[in-house]
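Welcome, and please open your viewer. This short tour suggests what to select at each stop and tells you what is there.

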Amino acid sequence: MTFLELTEGPLWYIAATVFVAGVAWRLIGILRLGRLVDRSVARGSGVGGALKAIALHSVPHGGNLKRTVYHFLTGYAFHVGLFVLLFFAAPHIAFIEERILGVGWTPLPRWGFILAAEAAFAGLILMWIRRMTDPVMRRLSDADDHVATWLTFVVMLTGCLALQEAHDGLRALHMLAVEALLIYFPFSRLMHAFTFAFSRSYTGATYGRRGVTP
């Protein structure tokens, strides 16, 4: 078995299993917490409040644009760029079709991949610079924040190198980085990719039931 076969075979299935089981375990744990019974008279819709919270907290609002524009632009550049790379890069679509879903779709043209990659890299790097230079954010950050950032950076960098298809070792290195990230993901703050909707919905539903905009 070659190193590439190892990373795309046994190691991939181990990492994918840990990822799926870990994410499911975390989400089930959150759902099992339930919520306290609110015995006050409802003045509004909890569902409407939940939906409004998800929408409002996805963009600057309430006069906060000047204070949050940096995070808004860099955060969206990274997250949208990474989403596009993950689901619309030709190698990823081929992998998803072959290993996961059995179906594929039209990939991005090369220029689209380059734009998405540049946006994702720029957003990630600028967010990390802000984390290191802003006194408050630097004190709030811990090892988990930095490990998650650098693991993601390594995955993206090795992915760009593997795209050239110059050597199987580059593809294997990318797969190894992806597997490390998948295993780390459920036990880190990267879980916010799944839990942000739960937290915003809970807060929004509570405020919405009281007739207050979250």
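For the charge count that comes up below, Lys and Arg are taken as positive and Asp and Glu as negative, while His and the chain ends are left out. Keep in mind throughout that you are looking at a predicted model.

**The whole chain**

Begin with a cartoon view of everything. You should find 10 helices and zero strands, so in sequence order the pattern reads α-α-α-α-α-α-α-α-α-α. Measured out along the principal axes, the C-alpha atoms fill a box of roughly 65 × 40 × 35 Å. Of the 214 residues, 30% count as buried. Among contacts with a separation of 6 or more, 72% are between residues 24 or more positions apart.

Now switch on the molecular surface. The accessible surface comes to about 13,600 Å², and 70% of it belongs to carbon and sulfur atoms. Next, colour by charge: there are 19 positive and 13 negative side chains, and the centres of the two sets lie 21 Å apart.

**Stop one: E8**

The salt bridges of this protein number eight. To visit two of them, select E8 and show its side chain together with those of R99 and R171.

E8 and R99 meet in a salt bridge, with N to O at 4.0 Å. E8 belongs to helix 1 (residues 3–8) and R99 to helix 5 (residues 90–100), so this pair ties together parts that are 91 residues apart in sequence. Is E8 buried or exposed? E8 is buried, because its relative accessible area is 10%, under the 20% cut-off. R99 has a relative accessible area of 25%, which makes it partly exposed.

Turn to the other partner, R171. In the salt bridge between E8 and R171, the closest N and O atoms are 2.5 Å apart. R171 lies in helix 9 (residues 168–184) and E8 in helix 1, so here the parts tied together are 163 residues apart in sequence. R171 counts as partly exposed, at 43% relative accessibility.

**Stop two: a network of charges**

Select R131 and D145. These two form a salt bridge, their closest N and O atoms being 3.7 Å apart. R131 is in helix 6 (residues 110–133) and D145 in helix 8 (residues 143–163), so the pair ties together parts that are 14 residues apart in sequence. D145 is buried, with a relative accessible area of 13%.

Which residues belong to the network joined by salt bridges that share partners? Add D142, D144 and R189 to your selection: with R131 and D145, they make up one network.

**Stop three: T152**

Stay in helix 8 and pick T152. T152 counts as buried, at 7% relative accessibility. Show what surrounds this residue: setting aside neighbours within four places in sequence, T152 is in contact with F78, L124 and L181.

**Stop four: helix 9**

One of those contacts, L181, is among the buried residues of helix 9, so select that whole helix, residues 168–184. Its 17 residues should span 24 Å at 1.5 Å a residue, and the end C-alpha atoms are 25 Å apart, which agrees.

Which residues of helix 9 are buried? Highlight A172, H174, M175, A177, V178, E179, L181 and L182. As you look down the helix, remember that an α-helix has 3.6 residues a turn, so residues three or four places apart point the same way.

To finish, show what these buried residues pack against: helix 1, helix 2 (10–33), helix 5 and helix 8. Two of those helices will be familiar from the first stop, where E8 in helix 1 was paired with R99 in helix 5.

Key:
Residues are numbered from 1 along each chain as its sequence is written. This is a predicted model: local features need pLDDT of at least 70, side-chain atom pairs count only at pLDDT 80 or more; totals for chains, interfaces and linings use all residues. Side-chain values use heavy atoms; hydrogens and water are left out. Helices (H or I, at least four residues) and strands (E, at least two) are DSSP runs, numbered from the N terminus. Buried means under 20% relative accessible area, exposed over 50%, partly exposed in between (1.4 Å probe, protein chains only). Contact means heavy atoms within 4.5 Å. Accessible areas come from the Shrake-Rupley method with a 1.4 Å probe; for residues, only the protein chains shown count as cover. The place of a charge is taken as NZ of Lys, CZ of Arg, CG of Asp or CD of Glu. The expected span of a helix is 1.5 Å times one less than its number of residues.
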